[in-house]
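This report walks through a few parts of one protein structure, moving from single residues to strands and helices and back again. Please keep the sequence and the 3D view open while reading.

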Amino acid sequence: MSVGFIMLCHTALDRAAQVARHWATNGCPVVIHLDRKVTRKAFVRLQRDLADVPDIRFSERFDCEWGTWGLVAATQGAATVLLSDFPNVRHVYLASGSCLPLRPVKELVAYLDERPRTDFIESVTTEDVGWTIGGLNIERFTLRFPFSWRKQRRLFDGYVRLQRRFHFRRKIPAALVPHLGSQWWCLTRQTLSAILEDPEREAYDRYFKRVWIPDESYFQTLVRQYSQHVESRSLTLSKFDFQGKPHIFYDDHLQLLRRSDCFVARKIWPQAGKLYRTFLSPEAGSQVPAEPNPGKIDRLFSKAVERRTKGRAGLYMQSRFPNQDWENGVTAAPYSVFEGFSELFENFDSWLAKVAGTRVHGHLFAEDRVEFAGGEAVYNGALPAGAAQRDYNPRSFLSNLIWNTRGERQCFQFGPGDSQAPSWLIARDANAQVSVVSGAWAVPLFHSNRNFSDIRREAARLQKIESEHLEVLRSPWTKARVRIWTLADFVQNPMEPLQTIVDEISPRALRRLTEAPLMIDLTGFGQFLQNLRNQGMQPVLMGDFPAGNDQMPSAIRRGRPYLVK
């Protein structure tokens, strides 16, 4: 009888009774504390169910609310009963009603017999704590907390602010160095009795009654006064999520719990019948004894926390959607944006789809409609081609398009004549590959049969829009892969940039382009730009485009495909 258990219970009493019976019938006495909020009828029923087990006791009942002194008082009362009624107990193990033993009792007894003077309790100074949620470390010990954090949140927060404002500080007892740690510990009789019988206990209890969450600091601090050997870790597997709430273990966590090699785990779902049957059965000792090592499964918990907080890349979920910059990647997969190419080449969409083997859309953000590939009215994921639905939330429209078509690279056209709502979205997206031929929007104006005064006004408008868009693409916050060519530079040698673009879209293909798509006839375009200048509009985005047609390559002047020499 070298190990005794204290169980703090308040719910799922049938499961707590199962575990208490398991420990007691295997030679480990148990003292149960039942929350005072539990009905008298339920308490009597629990006593009756366990009346046939001689090594089970019940202690004085206290109100146990999270973060309050009641949990410490309940532990003190149960520990006093255990040490008094069972003098052969050498280690006292604190557990809850939702705990479940993962290894045979004899393995725990043997483990502690080899370490008769070791106290297993997580005990870390406030300066070294990195897991507290809520912003209170040392202030737990220097402020007063007379109000319940759960039931009186406004009074709790208001009183904390008031104390901070007037620089109120409680004096920490001179002999104490505040420590924090898990509530679940295993202490030696010598250490625990020294804490309970300390002549200064009344002063210490009075001080800790106004400490926030004293069950995570009372024994963790006082153990440093008396213990000969503290091993700052818990033998109980207890994992918490990013909000500080404990993970609950279900039936499908069976193998995970076995891998931890821990002696006890919490919290177990009361309906996890498979876990209770497995670990409370006589055959539970079939695994090889090993040192408790919850770190072996930390990677899985870290991955679960990341999935919950970040989600899958490019897929928005309820917990992150209202918060800007909380997304795990703007979109789910790489895609390409082409600006100025469809204005410069005939049938550029079909040419690119053929040579790159990908899906190429038109202007997805055109003012009047969404130009899906093939002229589709409804696309993957029931995305409609209507501009009103798209413009209601352009961010979600693009994210949904990429998510719904992941596995197939999407390409689309964009330009100053489109809605500019997605400019920053595309620029901040690391999945975006943006290729721009600046000033190419002037080519359709050059070929239009409109009054020149109207052309000049439209050219000035489009140039202003594209200039602002290029500023976005060149900003230090841009994460997209951006390539920008002036129209003059691009038409001099279009094959090299086209080859680079195709290689990036389909790197496995390694096709060597031998012919570009049919370029629109630019004969007289230089003079067109000069006419704009003469009319008071300064076209600057096209680059140094010569005014004389004889200075341009003949293939461009004739509107033929540009051949590689």
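Q76 is buried in this predicted model, with a relative accessible area of 5%, and that value counts as buried because the cut-off is under 20%. The residue lies in helix α3, which covers residues 70–85. Leaving aside residues up to four places away in sequence, Q76 touches W69, L196, R201, D205, Y218 and F219.

Two of these contacts lead on to a pair of helices, since Y218 and F219 of α9 are among the residues that meet α7. Helix α7 (residues 189–196) and helix α9 (residues 218–226) pack with their axes 9 Å apart and at an angle of about 105°, which makes α7 roughly perpendicular to α9. On the α7 side the contact is formed by T191, L192, A194 and I195, and on the α9 side by Y218, F219, L222, V223 and Y226. Sorted by class, this contact has 8 nonpolar residues and 1 polar residue, with no charged residues.

Turning to the strands, how many of the residues of strand β1 are buried? For this strand, residues 3–9, the count is 7 of the 7, so β1 is largely enclosed by the rest of the structure. In a regular strand the side chains alternate between the two faces of the sheet. In β1, V3, F5, M7 and C9 point one way while G4, I6 and L8 point the other way, and residues of both sets are buried. Strand β1 is joined to strand β4 (residues 91–96) by 6 bridges, and these two strands run parallel. It also pairs with strand β2 (residues 30–34), again in the parallel sense, over 5 bridges. L8 can serve as a marker for both pairings, as it stands opposite S96 in β4 and has H33 as its bridge partner in β2.

A further sheet is open and has 3 strands in the order β5-β12-β11, with mixed pairing. Its edges are formed by β5 (100–101) and β11 (236–238), each of which has a single partner strand, so one side of each is left without a neighbour in the sheet. Strand β11 is joined to strand β12 (residues 264–266) by 3 bridges, and the two run parallel. Within this pairing, L237 has A265 in β12 as its bridge partner.

The surroundings of β12 hold two backbone features. In the loop between α10 (254–260) and β12 lies D261, which has a positive phi of about 60° although it is not a glycine. D261 counts as buried, at 10% relative accessibility. Beyond the strand, a cis peptide bond with omega of about 0° joins R266 and K267, and K267 lies in the loop between β12 and α11 (273–279).

Helix α14 (residues 348–356) offers another view of burial. Its residues F348, W351, L352, V355 and A356 are buried, and they cover an arc of only 105° around the axis, which puts them on the same side of α14. An α-helix has 3.6 residues a turn, so residues three or four places apart point the same way. The buried residues of α14 pack against β13 (335–339), α13 (341–344), β14 (359–363), β17 (410–413), α21 (495–505) and β20 (515–518).

Both ends of this helix are worth inspecting. In the loop between α13 and α14 lies N347, whose phi is near 55°, a positive value in a residue other than glycine. Is N347 buried or exposed? N347 is exposed, with a relative accessible area of 59%. Just after α14, G357 takes a positive phi of about 65°.

One more loop residue is N137, found between β7 (124–125) and α5 (139–142). N137 and L180 are 43 residues apart in sequence, and 8.7 Å separates them in space, C-alpha to C-alpha.

The table lists the accessibility of individual residues, including N137.

| Residue | Relative accessible area | Class |
|---|---|---|
| Q76 | 5% | buried |
| D261 | 10% | buried |
| N137 | 24% | partly exposed |
| N347 | 59% | exposed |

Conventions
Residues numbered from 1 in each chain as written. Predicted model: local features only at pLDDT ≥ 70, side-chain atom pairs only at ≥ 80, totals over all residues. Heavy atoms only, no water. Helix = DSSP H or I, 4+ residues; strand = E, 2+ residues; numbered from the N terminus. Buried < 20%, exposed > 50% of the residue type's maximum accessible area, 1.4 Å probe, protein only. Contact = heavy atoms within 4.5 Å. Pairing = 2+ DSSP bridges. Axes fitted to C-alpha atoms, helices over the stretch in contact; angles between N-to-C directions. Parallel < 35°, antiparallel > 145°, perpendicular 65-115°, else oblique. Nonpolar A, V, L, I, M, F, W, Y, C, P; charged D, E, K, R; others polar. Arc of directions from axis to C-beta.
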